[in-house]
Amino acid sequence: MPLFQINTIESHTVVYVWKITESFNELFRSVVLKDVSLARVENMKAESHQKGFLAVRKLLSEAGYDDFDLYYDEFGKPHLKDGKNISISHSNDFSVIAISDVNLGIDLEILKDKTLKLAPRYMDVSHLENLNGQEKLQKATVVWGIKESIFKIKNEPGISFKDHIFENEFHLSDKKCVTELRFENKKELFDIQFYFIENYSLVIAFEKN
Ligand SMILES: CC(C)(COP(=O)(O)OP(=O)(O)OC[C@H]1O[C@@H](n2cnc3c(N)ncnc32)[C@H](O)[C@@H]1OP(=O)(O)O)[C@@H](O)C(=O)NCCC(=O)NCCS
């Protein structure tokens, strides 16, 4: 099944989700890549990574773009030539892109026990109190996604998930929260939205006005 979902958020952002069920060959034959992208695909070790990358090109096409409209800066952050903002994530069977009038970060994560096990390394674990096992896993994965998404917005080396990004307390049912970045003597707030697709969490972060 190809295109899985298109979701408009706050009138300035569209999220496109692809569920990867195609073979590598099917995906590869259906996209046109520039030389630098072709070289990237050829150098990827895992076929799942190659398919995630190619599925992003399918999503670009859904959004009216192609591989030639996309370029990366020195840190690996993607940009669109027309000046719109883009953020990209892939995880196992899904790829997502978000295209927006504002700077944003998106992160897709499969729910896996390892993320919960590592929670003390990247979040305030008091936020996991009074939850059952599945809720703990979901919330820890969302918090990880929040931090990845903010990292993608800022695109600045040196940001530590544990020491610089602080999620406010929230409930899973809220589907949103506010998170603070305290980095290099500056405080910045981010509006977060999140939801679940099958056994994946999808987080979208925006700079707060
Ligand atoms: C760059 C990073 C955010 C990517 O996240 P990920 O979960 O590994 O992978 P995702 O699939 O969600 O995202 C990958 C996409 O992020 C985008 N990306 C890469 N570097 C980026 C950057 N500096 N800024 C914004 N977006 C970036 C790219 O589009 C990439 O996909 P593509 O190259 O195929 O187009 C992540 O690897 C990273 O470096 N995180 C910060 C490091 C850190 O502090 N880690 C843990 C501390 S406890």
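Which helix gives the most to the shell around the ligand? Keep that question in mind as you explore this predicted model.

**Stop 1: the ligand.** Select the ligand and look at where it lies: the ligand sits in the largest pocket. Now show the residues around it. There are 19 of them, and the closest are Tyr72, Ser89, His90, Lys152 and Asn155. Try colouring this shell by residue type. You should find nine nonpolar, four polar and six charged residues.

**Stop 2: three side chains to zoom in on.** Select arginine 40 first. An N or O atom in the side chain of arginine 40 is 2.8 Å from an oxygen atom of the ligand. Next, pick aspartate 107, where a side-chain N or O atom lies 2.9 Å from a ligand oxygen. Then move to glutamate 148, whose side chain places an N or O atom 3.3 Å from an oxygen of the ligand. How much of the ligand's accessible area does the protein cover? On its own the ligand has 930 Å², and the protein covers 72% of that.

**Stop 3: the elements behind the shell.** Switch to the cartoon view and select strand 5 (85-91), strand 7 (104-110) and helix 6 (133-154). Each of these supplies at least two residues of the shell. Here is the reply to the opening question: helix 6 gives the most, with four residues. Now colour by domain, with domain 1 as 3-102 and domain 2 as 107-207. The shell around the ligand draws at least three residues from each of them.

**Stop 4: two loops with unusual labels to check.** Leave the ligand and select lysine 175, in the loop between strand 8 (165-167) and strand 9 (176-183). Lysine 175 is not a glycine, yet its phi is positive, near 60 degrees. Follow strand 9 onward to the loop that leads to strand 10 (186-197), where you will find glutamate 184. Glutamate 184, also not a glycine, has a positive phi of about 50 degrees.

Technical notes: Residues numbered from 1 in each chain as written. Predicted model: local features only at pLDDT ≥ 70, side-chain atom pairs only at ≥ 80, totals over all residues. Heavy atoms only, no water. Near = heavy atom within 4 Å. Polar contact = N/O pair within 3.5 Å; in protein donor to acceptor, adjacent residues only side chain to side chain. Areas by Shrake-Rupley, 256 points an atom, 1.4 Å probe, with all protein chains shown as cover. 1 Å grid on protein atoms, 1.4 Å probe; cavity = no way out; pocket = protein on both sides within 12 Å on 5 of 7 lines; lining within 4 Å. Sits in = over half its atoms within 2 Å of the grid points. Nonpolar A, V, L, I, M, F, W, Y, C, P; charged D, E, K, R; others polar. Domains from an automatic or database assignment.
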